[in-house]
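Here are my comments on the model you sent round. They deal with helix packing and with enclosed or open space.

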Amino acid sequence: MYGKAFAPEYQGALGSSLSVNSSYEEVLAKASEEQRQSVLEFARAGLAVAEANRRLGRVEDAERAWRESYRAARRAGDRGAMAWALWSGGTLARQCGRLPLARRWLAAAVELAEQGGDRLALGYSVAGLAETGRIQGDYEAVRELHERLLAEAREHGEARHMVWALSGIAQMHRNTGSYDTALAMFEEGAEVAGNSDDFRGRAWALRGIADVLSLQGRPERALELLSEAEQICRTMDLSSALAYNRKMRGNVLFRDGRYEEAGRVYADALRQFEQIEEPRGEALSRLGLVKSRSRLGRPDRETLADLDELRRTFERIGLEQARDSVASFRAELTGGARAA
């Protein structure tokens, strides 16, 4: 059993006045009021400011806010609040493609959460470490961690963590070819998110469902689900989620052979990622754009040059799955050239 989704990043007085679906402008306004109360409230409200700005794609504001929150928490001597601030900093670093730095901040957050006895901060920090490892393709290291977090989320009835863990495990199944298992887990995540009023979680789960349906040859249904997810993203002003949703739409169109339309959507996603300074999304969208243009007749030598540059980018960020995609498409092009 689980209850309605709640947002533990809204702490102190903010916890009773804000919900998981509060608009981020409302969050920023209320948090600014709370920061005037005390040093500890400055730290707690600063966490909400950092997370709102991160989700709005305001990277510099988010960076400044989590660091100010951490410094205030340290002055107040609250290790739990320090852990939450570092969790926010690690999450931002991952969003910006700085995965080694993300792991460093999140590992420090785990240590502080344990010292401060903050179970939720510990769970979120461990979850952040697991997600970072999954993004890097280190499945063996994080699969057991995802499953343990899912079991704990079910035990405590924490809907948001259930959705997160289900989606993470589903993504690993998707990436290793177990599409039916992945689909079932994404669908459970979407159901839990819907029943617990976690609209953001539902948008992410719908994107996963659409991805798997596309791989199974059902592009039109996938596009319908992406449209539903896009509406949620626009309503809640989820900049990063909206950009990833657009990139996924490009993936679905590309797989369906609609290369010109896919190229336009990838270009749109690329612009969105550039606006919010998210290099991982930028590189993935650029890869889709390069592949679409290749399918439309762009000279192979130009495509290969772009692929080599993208390979270096993915290696620098630490994205093994994306690097493998580059290698696969490169082999396809060079193999075709040899055959010709």
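The points below take three helix pairs, then a cavity and a pocket.

1. Status. This is a predicted model. Please read every value below as computed from that prediction.

2. How do α2 and α3 pack? Helix α2 spans residues 24-34 and helix α3 spans residues 39-55. They pack at about 160 degrees, with their axes 9 Å apart. An angle over 145 degrees counts as roughly antiparallel, so α2 is roughly antiparallel to α3. The crossing of α2 with α3 is left-handed.

3. The α2 and α3 contact. From α2 come Y24, V27, L28, A31 and E34. From α3 come E41, A45, A48, V49, A52, N53 and R55. By class, that contact divides into 8 nonpolar, 1 polar and 3 charged residues.

4. Which way does α15 run against α16? Helix α16 covers residues 300-317. The axes of α15 and α16 come within 10 Å and cross at roughly 160 degrees. That angle makes α15 roughly antiparallel to α16. The crossing is left-handed.

5. The α15 and α16 contact. On the α15 side are P279, R280, A283, L284, R286, L287, V290 and S294. They meet D300, T303, D306, L307, L310, T313, F314 and I317 of α16. The class count is 9 nonpolar, 3 polar and 4 charged.

6. Parallel or antiparallel: what about α13 and α15? Helix α13 (residues 239-255) and helix α15 (residues 279-295) pack at an angle of about 25 degrees. Their axes are 10 Å apart. Angles under 35 degrees count as roughly parallel, and α13 and α15 are therefore roughly parallel to each other. This crossing is left-handed.

7. The α13 and α15 contact. Y244, K247 and F254 represent α13. Their partners in α15 are R280, G281, L284, S285, K291, S292 and R295. By class there are 3 nonpolar, 3 polar and 4 charged residues. Note that R280 and L284 appear here in the contact with α13, and R280 and L284 are also listed in the contact with α16.

8. How many cavities are there of 30 Å³ or more? The search of the whole structure finds 2. The second largest has a volume of about 30 Å³. Its lining consists of A203, W204, R207, A229, C233, A241 and N245.

9. Which elements line that second largest cavity? Helices α11 (199-215), α12 (219-236) and α13 each give two or more residues. The largest share, 3 residues, comes from α11. The lining of this cavity has 5 nonpolar, 1 polar and 1 charged residues. Helix α13 thus has two entries in this note: the cavity lining and the contact with α15.

10. What lines the second largest pocket? About 190 Å³ of space lies in it. Its lining is R119, L120, L122, G123, V126, R148, L149, E152, A153, H156, E158 and H161. The elements that give two or more residues are α7 (119-135) and α8 (139-156). By class, the pocket lining divides into 5 nonpolar, 3 polar and 4 charged.

Terms used: Residues are numbered from 1 along each chain as its sequence is written. This is a predicted model: local features need pLDDT of at least 70, side-chain atom pairs count only at pLDDT 80 or more; totals for chains, interfaces and linings use all residues. Side-chain values use heavy atoms; hydrogens and water are left out. Axes are lines fitted to C-alpha atoms, for helices over the stretch in contact, and angles run from 0 to 180 degrees between N-to-C directions. Helices (H or I, at least four residues) and strands (E, at least two) are DSSP runs, numbered from the N terminus. Angles under 35 degrees count as roughly parallel, over 145 as roughly antiparallel, 65 to 115 as roughly perpendicular and the rest as oblique. A crossing is left-handed if the near helix is turned anticlockwise from the far one by less than a right angle, and right-handed if clockwise. Contact means heavy atoms within 4.5 Å. Ala, Val, Leu, Ile, Met, Phe, Trp, Tyr, Cys and Pro count as nonpolar, Asp, Glu, Lys and Arg as charged, and the others, Gly among them, as polar. On a 1 Å grid over the protein atoms alone, a cavity is a set of points where a 1.4 Å probe fits but cannot get out, and a pocket is an open set with protein on both sides within 12 Å along at least five of seven lines; lining residues have an atom within 4 Å of a point. Grid points are joined across faces, edges and corners, and a volume is the space filled by probe spheres set on the points.
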